[in-house]
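Biologist: Could you walk me through the charged pairs in this protein, and the annotated site too? I'm still new to reading structures.

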Amino acid sequence: MRVLGVDPGLTRCGVGVVEGVPGRPCTLVAYYVVYTDPADELPLRLLHLDRSLTDLVAEHRPDAVAVERVFSQHNVRTVMGTAQASGIAVLAGARAGLPVQTYTPSEVKAAVTGSGQADKAQMTAMVTRLLRLAEPPKPADAADALALAICHVWRGGTRSKLAAAAERARRGGAR
């Protein structure tokens, strides 16, 4: 399974692509950070993010997209930008006809480190170790995006299969 993970942000949006199967180490395909200029108007920033994510989905042809779920922050301005970037990421995956799954930061931390309370340094260290990289991916937005992709490979594939089975059962076993 190839997964494109997105750590949404309006100024810096991390994107990571991995391949793998549940229970096995994943393989790094690529990682990026899409930057937008805070001096630009919001519509231009969102358009740049949309075009960049759409291009990355087309280039890497993932089987699924994993996006960090926006959580409440004290800074409304920051959470608004993150929510807008998240919406663009979800749209890029949906537009390509891909399954899109969102994960909370604690779900990703638990999947990757075993603890939902892990800090940034622990997350980056585990991503580096799990992907067998010579050095940590930088900046942290890229490491977070890779963690999202790893989380989806390990948890999302099973979650998707269970949801599909439940849907088939709901429809009376029809495929």
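Modeller: Sure, and keep in mind that this is a predicted model. A salt bridge here is a side-chain nitrogen of Lys or Arg within 4 Å of a carboxyl oxygen of Asp or Glu.

Biologist: How far apart, N to O, are D50 and R95 in their salt bridge?

Modeller: Side chains of opposite charge can pair when their charged atoms come close. D50 sits in helix 1 and R95 in helix 2, so the pair ties together parts 45 residues apart in sequence. Their side chains meet with an N to O distance of 3.1 Å.

Biologist: Is D50 buried or exposed?

Modeller: Buried means under 20% relative accessible area. D50 has a value of 15%, so D50 is buried.

Biologist: Which residue forms a salt bridge with E19?

Modeller: Look in strand 1, because E19 lies in strand 2 and the pair ties together parts 17 residues apart in sequence. The closest N and O atoms are 2.6 Å apart, and the partner is R2.

Biologist: Which residue pairs with K120 in a salt bridge?

Modeller: K120 is in helix 4, and the partner is in helix 5, 24 residues apart. That partner counts as buried, at 9% relative accessibility. With the closest N and O atoms 2.4 Å apart, the partner is D144.

Biologist: Which residue does the UniProt annotation "binding site" cover?

Modeller: Go to strand 4, residues 64-68. The residue there is buried, at 16% relative accessible area, and touches Y103 and L148, among others. According to the unreviewed UniProt entry, the annotation covers E68.

Notes: Residues are numbered from 1 along each chain as its sequence is written. This is a predicted model: local features need pLDDT of at least 70, side-chain atom pairs count only at pLDDT 80 or more; totals for chains, interfaces and linings use all residues. Side-chain values use heavy atoms; hydrogens and water are left out. UniProt positions are given in the numbering used here, feature names are shortened, and annotations may be inferred rather than shown by experiment. Helices (H or I, at least four residues) and strands (E, at least two) are DSSP runs, numbered from the N terminus. Buried means under 20% relative accessible area, exposed over 50%, partly exposed in between (1.4 Å probe, protein chains only). Contact means heavy atoms within 4.5 Å. Lists of a residue's contacts leave out its neighbours within four places in sequence.
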